[in-house]
Each structure stands twice: as structure tokens, then as C-alpha cells.
Amino acid sequence: MFWKILIVLVISMIPLIELRGAIPVAVGMDLGLPEWLVLIIAIIGNIIPVPIIYFFARKVLIWGSGRKWKPFKEFCNFCLKKGEKGGKKLQQKTGKYGTYFALFLFVAIPLPGTGAWTGTLAASVLNLDFKKTMVAIIAGVLTAGLIMLAVSLGFFKVLFGG
């Protein structure tokens, strides 16, 4: 059982795949884990990298903006300037809490390219508040997990009968 749990946990930590891939894999491979456990493990695995991404992404860009290698320096400066400009523009349009609701929706809708990794990276570059970002990301991951579990269970029941 340990290895089955580890499979779900590791897959849910992989960028771009996250729990959007871990849950269907666990259900499709019929790992023999209860659905509620698959959901909890996938959510935990998806959230583990979030604080690391949040605290280090912006620092890496700031560090890189002071490097001598011109292409890397320009890329880092571009990301920081674009992020700050985008963050101000987004906050003007959405208001005090609208930015975090938009972040929640971005993470919650299980489409390719959206998710906790991308949302946290954006929040870090935009220099959003950590606690509010965590609430939005966790709520989004929970929502995406429930959606993916419902879709996976329905899909595999239709496909294999059950």
C-alpha cells in the first residue's frame, strides 16, 4: 500500500501533471486505494511544492537580474517587470480580494497549464500576499481534486462498466 500511495503523491507533485494526472492514473490503474484516500494524497502532494515555489521563484528572478550573462539577466528582469506591471493592473481591475478569487479559479479549473505550480509561480512574481495566496491555491486544489475525482470515476465506470 505504501508504494501505491507514493505513486499518487509523486505524480501529484510533478509540474503540469499535478493532481489532474494523479487522480485519473490512480483510478484508471485501479490501485486498490479508496477514492477518498486518493483524493487526500493527491491534494497533499499537489500542495507540498507551493510554499517552496512561492518563496524561491521571485528570489531566483531577483538573483538572476543581477547576473552577468546578458540573456539570463534580461529574462529575469523581463519577468519581474512584467509581473509587477501585471500584478498592479490585475489588482486595479479586480479589487482587494478579486485577485485571489481569480487565482482560485485559475487553479480550480482543471485545464492543461493551470494549477498550483503555475498559479503559485504567478503569485510569487506578482508579489501577492503569502497567506491569501495559500488560501486561494489550497481552495483551488481542493476544487480541482473533487472535479477530477468525479470525472475520473464517471469516465472509468462508463468505460469499464461498474
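**Helix packing and side-chain contacts in an all-helical predicted model**

S124 lies in helix 6. In this predicted model, S124 counts as buried, because its relative accessibility is 2%. Beyond its neighbours within four places in sequence, S124 is in contact with I53, Y54, A57 and R58. One of these partners, R58, is found in helix 4. R58 is likewise buried, with a relative accessible area of 15%. When neighbours within four places in sequence are left aside, the contacts of R58 comprise L80, E84, S124, V125 and N127. Y54, a further contact of S124, belongs to an aromatic cluster that it forms with F55 and F130.

The overall architecture provides the setting for these contacts. The protein has 7 helices and 0 strands, and from the N terminus on its elements run α-α-α-α-α-α-α. Taken along the principal axes, the C-alpha atoms fill a box of roughly 55 × 35 × 25 Å. Of the 162 residues, 40% count as buried. Among contacts between residues at least 6 apart in sequence, 74% join residues at least 24 apart.

Helix 1 was examined with respect to its length and its two sides. Helix 1 comprises 12 residues (residues 2-13), which at 1.5 Å a residue should span 16 Å; the end C-alpha atoms are 17 Å apart, in agreement with this expectation. Within helix 1, V8, I11 and S12 are buried. These three residues cover an arc of only 100° around the axis and therefore lie on the same side of helix 1. The cover over the buried residues of helix 1 includes helix 2 (18-28) and helix 3 (35-47). On the other side of helix 1, F2 and W3 are exposed.

Aromatic side chains form 6 pairs in the structure. The pair of F2 and W3 is edge-to-face, because the ring centres are 5.2 Å apart and the planes stand at 75°; both residues are exposed. For F101 and F104, the ring centres lie 5.8 Å apart and the planes at 35°, so this pair is tilted. F101 and F104 are 3 residues apart in helix 5 (residues 70-108), and are therefore separated by about one helical turn. In general, an α-helix has 3.6 residues a turn, so residues three or four places apart point the same way.

The nonpolar interior was then considered. The largest nonpolar core has 33 residues, and those with the most contacts inside it are V8, L19, I23, I137 and V141. Helix 1, helix 2, helix 3, helix 4 (49-64), helix 5, helix 6 (116-125) and helix 7 (130-160) each supply at least two residues of this core. For I137, the contacts other than neighbours within four places in sequence are V50, L103, V107, A116, G119 and T120. Apart from this core lies another, of 5 residues, among them L61, C76, C79 and L80. L80 is also one of the residues in contact with R58. V8, one of the residues with the most contacts inside the largest core, is among the buried residues of helix 1.

Charged side chains contribute 2 salt bridges. In one of them, E18 is joined to R20, the closest N and O atoms being 3.9 Å apart. E18 counts as buried because its relative accessibility is 0%, and R20 is buried as well, with a relative accessible area of 10%. In the other, the side chains of E74 and K70 meet at 3.8 Å, N to O. Since E74 and K70 are 4 residues apart in helix 5, about one helical turn separates them. At 45% relative accessibility, E74 counts as partly exposed, whereas K70, at 56%, counts as exposed. The E18 to R20 bridge thus joins two buried residues, while the bridge in helix 5 joins a partly exposed residue to an exposed one.

Notes
Residues numbered from 1 in each chain as written. Predicted model: local features only at pLDDT ≥ 70, side-chain atom pairs only at ≥ 80, totals over all residues. Heavy atoms only, no water. Expected span 1.5 Å × (residues − 1). Buried < 20%, exposed > 50% of the residue type's maximum accessible area, 1.4 Å probe, protein only. Arc of directions from axis to C-beta. Contact = heavy atoms within 4.5 Å. Phe/Tyr/Trp six-rings, centres within 6.5 Å; stacked < 30°, edge-to-face > 60°. Core = buried A, V, L, I, M, F, W, Y, C linked by side-chain atoms within 4.5 Å. Salt bridge = Lys/Arg side-chain N within 4 Å of Asp/Glu carboxyl O.
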